[in-house]
Amino acid sequence: MPIYLYTGGLRIVKKSGVGQAILHQRKALETVDIQMDTRLSPSTAAVHINTVFPDSVLMAIWARLHQVKVVYYAHSTMEDFRCSFRGSNLMAAFFKKWIIFCYRLGDVVLTPTEYAKGLLESYGLQRPIYSISNGVDTHAFHPSAARRTAFRKKYRLSESEPVVISVGHMMERKGILDYIALASQLPDVRFFWFGDTKPWLLPGHVRRVIKQAPPNLTFAGYIDQEQLKDAYCGADLFAFLSKEETEGIVVLEALASEIPVLIRDIPVYQGWLTDGESVYKAATQNEFLRSMIEILAKKRPELSAGGRQAAERRSLEAVGNRLKEIYAAEKIDVHEGLYHLNRHLDNGAMIQK
């Protein structure tokens, strides 16, 4: 019996990590030869739902009424909704109630990390909850001298010029205010932020700080997958200062590209990303500053091998095998063999989160 990967709302989330996760699920299912269907039917074993929009709720209800199991992916929590868009803090409590309602429609709930699983369990969902990475395409993301050259040529950077990049929505939760402050403190380093957010969605104080960013910081906007691969290969450091995540696909992409990675020391990374082995971690602004200086000056040990190994443990092949384990545990009878691709996923859009 096939899996139906519901893509309603993909147009809205295609530039977010949720959109990337949907694409990754398709590829992960392909790697383990799980059959996919183009529509929901009585022969469907289960439907994957990834968003919390009203259409997804209706799809989940329809599936349950027709005895089709619902696999609900919990990408969002109240914690990572806060400090995101304008008014998000005021709406956080309502958002929590809404996502609990949505996730309870699932026969099983999947979430990217053990940390996120713990948050959902604290919500009292009373559903089987499994942690399963969103994954990374380790075949697509890897070091490349040619891509490094292409990136530096595009932005007119010399080979010796130190470059730091970050990727994601331009929101406070993602650490953009701290990132701007670090760029101001290191005027001889080129900083880039890839990803875009409509200004009207951002609180006024965030918009004001962005407008006052120093000249060595370039807001390059949303870029496609190929350009992002160039950016990872062309930079000297990937700095992800996010204060709350359920995983962070861009961290996995950077690790797969074997670029030095500096992240905030937050609970979501505990147990699978170790400071000094696969990544470097910092907790305060002074620690970020000192770490950046030392990493760029090559005064810290090279961690590319450990980073690549961490990414490979979350490869799409590993995700596919984990899905098979979950299907078996939940008695979801899937058919292995030739798969049918969902035509809505063929756009190959690049997502930045």
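**Exercise 1.** Which residue follows α12, and what is the sign of its phi?

*Solution.* The model is predicted. The residue after α12 is K298. Its phi is positive, near 60°.

**Exercise 2.** Check the length of α12 against the expected rise of 1.5 Å a residue.

*Solution.*
1. The helix α12 has twelve residues, and the expected span is 1.5 Å times one less than that number.
2. The expected span is therefore 16 Å.
3. The end C-alpha atoms of α12 are 17 Å apart, which agrees with the expectation.

**Exercise 3.** Identify the buried residues of α12, decide how they are placed around the axis, and state what covers them.

*Solution.*
1. Buried means under 20% relative accessible area. In α12 this holds for F288, L289, S291, M292 and I295.
2. These residues cover an arc of only 170° around the axis, so they lie on the same side of α12.
3. As background, an α-helix has 3.6 residues a turn, so residues three or four places apart point the same way.
4. The cover over the buried residues of α12 includes the helix α8 (176-185) and the strands β7 (163-167), β8 (190-194), β10 (237-240), β11 (261-264) and β12 (280-282).

**Exercise 4.** Classify A310 as buried or exposed, and list its contacts beyond four places in sequence.

*Solution.*
1. A310 belongs to helix α13, residues 304-312.
2. Its relative accessibility is 2%. The cut-off for buried is under 20%, so A310 counts as buried.
3. With neighbours within four places in sequence left aside, A310 is in contact with L255, L273 and S278.
4. For a separation across the chain, take L5: A310 is 305 residues from L5 in sequence, and their C-alpha atoms are 27 Å apart.

**Exercise 5.** Describe the largest pocket by volume, lining and residue classes.

*Solution.*
1. The volume of the largest pocket is about 1000 Å³.
2. Its lining has 35 residues, and V13, S16, F53, F85 and H169 lie nearest the centre.
3. Two or more lining residues come from each of α1 (10-13), α2 (17-31), α4 (78-81) and α5 (88-103). The largest share, six residues, is that of α5.
4. By class, the lining has 15 nonpolar, eleven polar and nine charged residues.

**Exercise 6.** Do the same for the second largest pocket, giving volume, lining and classes.

*Solution.*
1. The second largest pocket holds about 410 Å³ of space.
2. It is lined by 21 residues, with D236, E258, P260, K298 and E302 nearest its centre. K298 is the residue that follows α12.
3. At least two lining residues each come from α7 (145-154), α10 (225-234) and α12 (285-296).
4. The classes are 13 nonpolar, two polar and six charged.

Technical notes. Residues numbered from 1 in each chain as written. Predicted model: local features only at pLDDT ≥ 70, side-chain atom pairs only at ≥ 80, totals over all residues. Heavy atoms only, no water. 1 Å grid on protein atoms, 1.4 Å probe; cavity = no way out; pocket = protein on both sides within 12 Å on 5 of 7 lines; lining within 4 Å. Points joined across faces, edges and corners; volume = space filled by probe spheres on them. Helix = DSSP H or I, 4+ residues; strand = E, 2+ residues; numbered from the N terminus. Nonpolar A, V, L, I, M, F, W, Y, C, P; charged D, E, K, R; others polar. Buried < 20%, exposed > 50% of the residue type's maximum accessible area, 1.4 Å probe, protein only. Arc of directions from axis to C-beta. Contact = heavy atoms within 4.5 Å.
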